[in-house]
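Q: Hey, can you walk me through a protein model? I'm new to this, so plain words please.
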Amino acid sequence: MDYRHRLVGLLRSNPLFQDLDLDEIAGIAQQMRPADFAAGATLFRQGAPADHALLLAGGSVAISTRLPGDERVRLAEVGPGELVGEIALSPHGTHSATATAMTPVSGFVLDNADFESLRTQYRPAAFKVLLRLSLLLCARLRRISEGLAATLAEGADAARPAATPPPKGYPTRCSAECRRLLPILPFFQGFAAEEIDELVACSLQWSLPRGHVLFVEGEPAASCFITVRGAVQVAVQRGEQRSRLALLGPGRLFGELPLLDGGPRSATVQVREDALLLELGRDAFDRLSRGGTRTAFKVLEAVNRNLVAAQQRAIAHQASLVAGTLRGG
Amino acid sequence: MCRALAYLGQPVLLDDLLYKPDSSLIRQAYLPQMLSTLSLGGFGMLAWDPASFDPGTPFTYRSVALPIFDANLRGMAQKIRTSCLLAHVRGVPHHGRVTLSEHNLHPFRFDGVKLALAHNGDLAHFAQMRYALVEHIRPELAVHIHGNTDTEWIYALFLSQLDDPGRISDYDAVIRAMGQTLRILRLARERSGIRISSAVNLFIGDGTQLFAVRFTFDFGCYPTDDLARVHESNLAFLSLWYTSGREYGFYDDEWKMIGGSASADSVLVASEPLTRDVSAWREVPEYSMLYVRRENGVPRMGVVELDA
């Protein structure tokens, strides 16, 4: 009984659970179990399936990533009240870093399977947590891309590229041909046909040539995009210097960070191979991803899958630069 | 799709690269971790051994036999150490137009030429564009093309962009030649109206330098006529991974590089990691070329973006 009281207190003070009411907190607490780890124990390993998250009650945990040559880079040190392994709240994820107990650690485990039961029943509590998870991932991605931009800015021309004016005749409504392609794309994995139609009904279609700069870091944003065919490149750029964050092919979402957290564009996106894109405006995105409906659950899960993948890419990129394993020239 | 690996560094036993790791190249030939299917068309390798007679010339092995059942290969792998290796498992599509032959096995290395090349990928509708390449291939190199793979043509085209393929080329000359090769291929595809994604991940080495290209023309442009036949390689960029360190071996119950990456003198590049734990591996960025060159005798690794 004592530990439940302590657990509820920890959940209430954690940002991921801050939107839950007391009943919902109690429901999540019921799914969790206490766990203890000796100093030096590995809580989870980078690359392993994310099957549980751990809410820390005591002790200190190092989050690190491994590099070629068997080196490790410490990314963070976390303590009581923080949740580690939160990727487990998103389905089919893998840990992007290793967590190691630096001291004896106590905490509460939330298994992926238990949270999934809340998710698959479309419980509002799960929805609120997933929404907060997306904001957490956004904040991390912004920190990483700002850090990369800062390394470029040293000694570089701070000028940024300009967006290309939109081609004539676009955007159009999503065509029947474009709609036909959507079910095979990773973003729409698990969507029913009518759920795809709901999203398509409020989307616009773009067909853009290689080299077209769609939007630029720092701009205000009114929409996000899904690549239907072709590919785009996501980068931070200062003058001639560029650090590429991602190359996104069919079925990948981009430009969603400002719609989630209200900030400006975090990176510049340029078409790498002639691309067919779906554009989703802010209002439609809000309605689809926050409405609490089944479609909203699926959109939010797809958004989080995308953010988790972006985080993994960004951490690997950042760690490689820190270790100097990638040198240009 | 094929699977391939390249190694440059401290001499290691072939067995430690080809067979022993839990996702070794030979195991990938029947149980790849990052491909859903792989149908085998044979195995080939070039292995440079600095202690051998004529160390600038690699030991060559090619067989259309399935490598897992190839006792000769296993026997040799347990005896030969190499400081530079290009090894390739050929994957072929399921149709009657494929020729299974030793002439079609990678890596390719023409007589009198230093650089060898293996390919993981496939140029879609290659037969339509093949002859547009002829004007860019030197006749003295074209005569060495004996097989009918797209790879051998890419190889001849690439060598034709070098001043003297019979000599060791500077790493920057190799990078320039690769950029030119890819631009010629892109133009030939455009002129032939080919707009389907086509991967050209390349593994190139001459015993002293190593290059690995991760590139896909028209990435994301999958065929739209029959969506049931869209392949995983049309939707995801074909993988290429690397790891580096001071020494490669079996440490703490796993095959890995140790000694840190800052002063690395051994590099391993592969279509997919040789171990199921991929945490010490990194992906070569898309549209990029990883190079390992020697600077005052010390290997230096870097990555350049390919703009083609």
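A: Sure, we'll go through one helix, then the chain interface, then some salt bridges; keep in mind that this is a predicted model.

Q: Okay, how many residues does helix 1 of chain A have?
A: Helix 1 of chain A has 12 residues, running from 2 to 13. From its first C-alpha to its last it reaches 17 Å, close to the expected 16 Å.

Q: Which residues of that helix 1 in chain A are buried?
A: Those are L7(A), L10(A) and L11(A). They sit on the same side of helix 1 of chain A, because they cover an arc of only 100 degrees around the axis.

Q: Why do residues three or four places apart point the same way?
A: An α-helix has 3.6 residues a turn, so residues with that spacing point the same way.

Q: And what covers the buried residues of helix 1 in chain A?
A: The cover includes helix 2, strand 3 and strand 8 of chain A. On the face turned away from the buried side, you'll find the exposed residues D2(A), H5(A), R12(A) and S13(A).

Q: Switching topic: how many residues of chain B are in contact with chain A?
A: 50 residues of chain B are in contact with 37 residues of chain A. Between them the two chains bury about 3,500 Å², with 45% of it on carbon and sulfur atoms. Y222(B), L227(B) and R282(B) supply 18% of the area chain B buries against chain A, more than any other three residues.

Q: How many salt bridges are there across the interface of chain B and chain A?
A: The rule finds eight across that interface. One pair is R66(A) with E254(B), whose closest N and O atoms are 2.8 Å apart. Both belong to a network of salt bridges that also links D70(A), D252(B), K256(B) and D277(B).

Q: Which strand of chain B gives the most to the side that touches chain A?
A: That's strand 15 of chain B, with six residues.

Q: Back to salt bridges: what does D197(A) pair with?
A: D197(A) forms one with R179(A), and their closest N and O atoms are 2.6 Å apart. D197(A) lies in helix 6 of chain A and R179(A) in helix 5, so the pair ties together parts 18 residues apart in sequence.

Q: Are those two buried or exposed?
A: D197(A) is partly exposed, with a relative accessible area of 38%, whereas R179(A) is buried at 18%.

Q: What about K298(A), which residue is its partner?
A: K298(A) forms a salt bridge with E195(A), with the closest N and O atoms 3.0 Å apart. K298(A) is in helix 9 of chain A and E195(A) in helix 6, so this pair ties together parts 103 residues apart in sequence. Both K298(A) and E195(A) are buried.

Methods: Residues are numbered from 1 along each chain as its sequence is written. Chains are lettered from A and ligands numbered from 1 in the order in which they are written. This is a predicted model: local features need pLDDT of at least 70, side-chain atom pairs count only at pLDDT 80 or more; totals for chains, interfaces and linings use all residues. Side-chain values use heavy atoms; hydrogens and water are left out. Helices (H or I, at least four residues) and strands (E, at least two) are DSSP runs, numbered from the N terminus. The expected span of a helix is 1.5 Å times one less than its number of residues. Buried means under 20% relative accessible area, exposed over 50%, partly exposed in between (1.4 Å probe, protein chains only). The arc is that of the directions from the helix axis to the C-beta atoms. Contact means heavy atoms within 4.5 Å. Buried area is the accessible area (1.4 Å probe) that two parts lose on being put together, summed over both. A salt bridge is a side-chain nitrogen of Lys or Arg within 4 Å of a carboxyl oxygen of Asp or Glu.
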